[in-house]
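Please work through the exercises below with the structure in view, trying each task before reading the solution that follows it.

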Amino acid sequence: MSTFMIEPGAYLAGRYRLEQPVSDAGGATFWKAADETLARPVAVWTFAEGFPRATEVVHASRATSRVSDSRVTQVFDADDSGPTPYVVEEWVVGQSLAELLADGPLQPERAAGLVAEAAEAVAAANDTGLFHLYLTPTKLMWSLGGAVKVTGIGVDAALHGVSAPDPAAADAQGLGKLLYAALTAHWPDSEQNGLPAAPTESGRPCRPSMIRSGIHPKLDAITCAAVFRDGGTPPLVSARSVAEALADVPRQVPLPSAPARSAAPRSGTSRRSGAQSVVTPAQADPPRGGRAAQKEAARSARVRKTLIGAAAVLVFVAVVAGAWTIGSSIGGSDEPDDSDGDNQQQEATTGGDDEDLVTLEPQNVNGFDPQGDGDEHGERANEAFDGDPATSWNTQTYDSAEFGNLKDGVGLLVDLGEPGELHEVDLDLGSGGATDVEIKVGDEADLSSLSTSGEAAQASGEVNVKLSDPAEGRYVVVWFTTLPNDGEHRGTINEVELRGKM
């Protein structure tokens with residue numbers, strides 16, 4: 001029998017100090033705690049002696065730790081080998097959907113954006129065989145750092161012994177109920193987490209549009225297709241189908257302290273045109289024709305830019321040559337200045353070399369975390385090369401700009417398929433804080449085989465990194481050596497363009 005006392009001040013594994021209990025679920029206690037090794041707050045589950053599902057919770061937590069989506073609550077540690085099983089999770093600070101709805105329903109587009117993020121996170125977990133099965137308004141969080149978090153994936157079902165004959169459909173229905181709640185501030189069932197039960201008609205909850213005016217028919221239909229499996233559209237029976245149905249909604253999820261108002265369009269600067277552009281909801285995801293069409297359009301734009309640049313160089317050379325001739329006549333000199341001629345020839349040659357550069361297209365892109373536990377959101381790596389600055393790849397979230405002193409850096413790994421000659425890199429790092437970035441090139445996807453060929457210190461927004469000398473290799477890594485400090489320590493790349501010669 002264990003003599004360990006589970007009480008405030010107790011330590012687990014010699015590093016996790018329990019501070020105060022937050023909730024209890026029939027012998028499973030949820031604690032606010034501190035990881036004194038890494039000096040960070042954490043959440044800890046402990047289990048009373050004899051709790052029947054402790055092993056199931058620990059195993060589910062380990063499976064959850066392998067889900068790479070940053071919107072899924074991170075699991076840091078889970079152990080059932082000793083007398084006191086425990087699970088250590090990310091401590092999420094922010095407001096739950098239940099708290100956000102305390103003053104009434106959310107603006108419809110913001111409600112849809114919040115649940116769209118949640119649906120993508122749940123779908124990522126479902127793809128690994130993990131299901132939530134216990135989605136309630138307290139499980140969807142808007143964190144203090146400005147990110148969506150879905151808590152309890154895998155763990156809640158094990159804690160409460162919940163199962164479902166069709167778990168994918170159960171999660172889809174749970175997401176539909178969250179959307180129903182966000183749109184109406186009612187729960188389409190009995191009272192839940194302080195939300196009143198939805199009014200009924202003919203024995204079943206009313207459609208959202210019957211409770212509140214101003215809800216777009218499409219959102220009304222999506223909600224009913226997920227919750228009631230009807231609504232004029234085919235039923236939504238998986239988190240992935242809910243995510244796809246909401247794919248084109250604006251991703252301006254509600255700020256906890258912001259009053260409801262019309263969502264402002266997102267704007268950004270195109271590094272290729274230099275023009276300020278506005279991204280509409282329809283542009284937020286690739287149009288019909290897919291990303292291949294986007295990349296082809298971007299490639300055509302670069303060709304036009306190259307032709308215009310070449311013409312400008314020819315005009316410049318002609319003007320310089322004419323000016324030199326006229327200057328020679330006025331000065332009365334019969335001999336040209338060889339040094340000036342050499343300089344002009346060198347300038348013209350250099351300009352020609354620059355115009356010979358082409359965009360190096362990747363054959364494969366992935367997250368790169370050689371000193372950690374695997375890749376960094378590799379499933380979204382291609383979004384840094386899709387020609388759309390409204391989509392992005394990002395690193396995991398860390399406790400500090402120095403990766404919690406656990407590693408030297410992380411990055412985005414680009415495989416060109418064959419060795420190429422890299423001359424320069426255009427980066428769109430988004431609007432977050434400043435970060436330090438290096439460009440590494442080599443013939444093997446191994447940190448020790450990659451050489452630093454360029455760097456940008458305290459960079460943000462749109463950055464051009466020109467290599468002092470061209471670098472040859474099959475692999476290129478955009479390597480973060482520090483992370484922005486903008487509420488969450490996470491590096492972001494909206495777009496990358498590699499230029500050089502193959």
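## Exercise 1: A strand and its partners

In this predicted model, strand S18 (residues 435-442) and strand S19 (residues 451-459) pair in the antiparallel sense over six bridges.

**Task.** Find which residue of S19 stands opposite Lys440, and then work out how S18 pairs with strand S20 (residues 462-480).

**Solution.** Begin on the side of S19, where Thr452 is the residue that stands opposite Lys440. Next turn to S20, which also pairs with S18 in the antiparallel sense, over six bridges; here Glu438 of S18 stands opposite Trp479. Then look at the directions in which the residues of S18 point: Thr435, Val437, Ile439 and Val441 point one way, while Asp436, Glu438, Lys440 and Gly442 point the other way. Finally, check the covering of the strand, where eight of the eight residues of S18 are buried.

## Exercise 2: An aromatic pair

**Task.** Decide whether the aromatic pair of Phe30 and Trp91 is stacked, tilted or edge-to-face, and state where in the chain the two residues lie.

**Solution.** A pair of aromatic rings is described by the distance of the centres and the angle of the planes. For Phe30 and Trp91 the centres are 6.3 Å apart and the planes differ by 20 degrees; because planes under 30 degrees apart count as stacked, this pair is stacked. Now place the partners: Phe30 belongs to strand S3 (residues 28-35), whereas Trp91 lies in the loop between strand S6 (86-90) and strand S7 (94-96), so that the pair links parts of the chain that are 61 residues apart. As to covering, Phe30 has 17% relative accessibility and therefore counts as buried, while Trp91, with a relative accessible area of 25%, is partly exposed. To finish, widen the view: Phe30 and Trp91 form one aromatic cluster together with Trp45, and the structure holds seven aromatic pairs.

## Exercise 3: Charges over rings

**Task.** Identify the rings over which the charged ends of Arg40 and Arg204 sit.

**Solution.** Take Arg40 to begin with: its charged end sits over the ring of Phe76, 3.8 Å from the ring centre. Then take Arg204, whose charged end sits over the ring of Phe228, at 4.6 Å from the centre of that ring.

## Exercise 4: A helix residue

**Task.** Determine whether Thr64 is buried or exposed.

**Solution.** Locate Thr64 in helix H1 (residues 54-64). Its relative accessibility is 4%, and therefore Thr64 counts as buried. Leaving aside neighbours within four places in sequence, the contacts of Thr64 include Val72, Leu130 and Ile153.

Conventions:
Residues numbered from 1 in each chain as written. Predicted model: local features only at pLDDT ≥ 70, side-chain atom pairs only at ≥ 80, totals over all residues. Heavy atoms only, no water. Phe/Tyr/Trp six-rings, centres within 6.5 Å; stacked < 30°, edge-to-face > 60°. Helix = DSSP H or I, 4+ residues; strand = E, 2+ residues; numbered from the N terminus. Buried < 20%, exposed > 50% of the residue type's maximum accessible area, 1.4 Å probe, protein only. Lys NZ or Arg CZ within 6 Å of the ring centre and 35° of its normal. Contact = heavy atoms within 4.5 Å. Pairing = 2+ DSSP bridges.
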